[in-house]
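Work through the exercises below with the sequence and the 3D view at hand. Try each task before reading its solution.

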Amino acid sequence: MPLKRLATCFVVVFGLVAASVSAFAADPENTMIITLKGGDVTIALRPDLAPKHVEQIKKLVRQGAYDNVAFHRVIDGFMAQTGDVKFGNMKSGFNADAVGTGGSDLPDLPAEFSTSERYERGVVGMARSQDPDSANSQFFIMFAPAPPLDGQYTIVGNVEKGMELVDQIKKGDEAQNGVVTGPDRMIKVRIAADGK
């Protein structure tokens, strides 16, 4: 009997976790869709972990600031970084020498590090300088787990759909810390609640 009771508890707990994950992913206000050359990548944003960062990302999305921004640093087996709205727009003002050093006109954000979540494949985190409170607009998508990042960079979301498209993003030169020549870009970025 104890084994049956344990199995029932597991099913109930698993059902609650699955329901909360799918309910979270279904929230259109916190779903970001990035159109890449191969199709759409759907990201469930995590205001429960990083409310200030998610608010800033949504503001930039709604301004159209992320449209046409390059994946300027892409390291195979690690991550793809994008979001430099100052120097990374490939249709307006792209600067290959400065991309990766800029942010937006919005203020930098105080760290919202999580101790409950880990940097796994598909996790979206905020890029920053050495200063923990320097994240602004740049973010990265993990290709693989990276435990050294846990608790050191703010997690803002998880890829829900289209990770195979993220895998296809043009990789950079490992000898140059992943700098990409002729990079791929985010063609269009939107919040699901806003429609197409």
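**Exercise 1. Enclosed space**

Task: Find how many cavities of 30 Å³ or more there are in this predicted model.

Solution.
- Step 1. A cavity is a set of points where a 1.4 Å probe fits but cannot get out.
- Step 2. With this rule, the count of cavities of 30 Å³ or more is 2.
- Step 3. The largest cavity holds about 70 Å³ of space, and the second largest cavity has about 30 Å³.

**Exercise 2. The walls of the cavities**

Task: State which residues line the largest cavity and the second largest cavity, and sort each lining into nonpolar, polar and charged.

Solution.
- Step 1. Around the largest cavity are Leu36, Lys37, Gly38, Leu165, Gln168, Ile169, Asp184 and Arg185.
- Step 2. This lining divides into 3 nonpolar, 2 polar and 3 charged residues. Gly38 lines the largest cavity, and Gly counts as polar here.
- Step 3. The second largest cavity is lined by His53, Ala111, Phe113, Met126, Ala127, Arg128, Pro132, Ala135, Tyr153 and Thr154.
- Step 4. Sorting the lining of the second largest cavity gives 7 nonpolar, 2 polar and 1 charged.

**Exercise 3. Open space**

Task: Describe the largest pocket and the second largest pocket by volume and lining.

Solution.
- Step 1. The volume of the largest pocket is about 330 Å³. It has 19 lining residues, and Gln81, Ala127, Arg128, Ser129 and Gln138 are the closest to its centre.
- Step 2. By type, the lining of the largest pocket has 7 nonpolar, 10 polar and 2 charged residues.
- Step 3. For the second largest pocket the volume is about 230 Å³. Its lining has 17 residues, of which His72, Arg73, Val99, Gly100 and Val179 are the closest to its centre.
- Step 4. The lining of the second largest pocket consists of 6 nonpolar, 9 polar and 2 charged residues.
- Step 5. Look up Ala127 and Arg128 in both exercises: they line the largest pocket and also the second largest cavity.

**Exercise 4. The chain as a whole**

Task: How many helices and strands does the protein chain have, and in which pattern do they follow along the sequence?

Solution.
- Step 1. Counting gives 3 helices and 10 strands.
- Step 2. Along the sequence they are arranged as α-β-β-α-β-β-β-β-β-β-α-β-β.
- Step 3. Turn to burial: a residue under 20% relative accessible area is buried, and 46% of the 196 residues meet this.
- Step 4. Among contacts with a separation of 6 or more, 66% join residues 24 or more positions apart.
- Step 5. The accessible surface is about 10100 Å², and carbon and sulfur atoms account for 56% of it.

Key:
Residues are numbered from 1 along each chain as its sequence is written. This is a predicted model: local features need pLDDT of at least 70, side-chain atom pairs count only at pLDDT 80 or more; totals for chains, interfaces and linings use all residues. Side-chain values use heavy atoms; hydrogens and water are left out. Helices (H or I, at least four residues) and strands (E, at least two) are DSSP runs, numbered from the N terminus. Buried means under 20% relative accessible area, exposed over 50%, partly exposed in between (1.4 Å probe, protein chains only). Contact means heavy atoms within 4.5 Å. Accessible areas come from the Shrake-Rupley method with a 1.4 Å probe; for residues, only the protein chains shown count as cover. On a 1 Å grid over the protein atoms alone, a cavity is a set of points where a 1.4 Å probe fits but cannot get out, and a pocket is an open set with protein on both sides within 12 Å along at least five of seven lines; lining residues have an atom within 4 Å of a point. Grid points are joined across faces, edges and corners, and a volume is the space filled by probe spheres set on the points.
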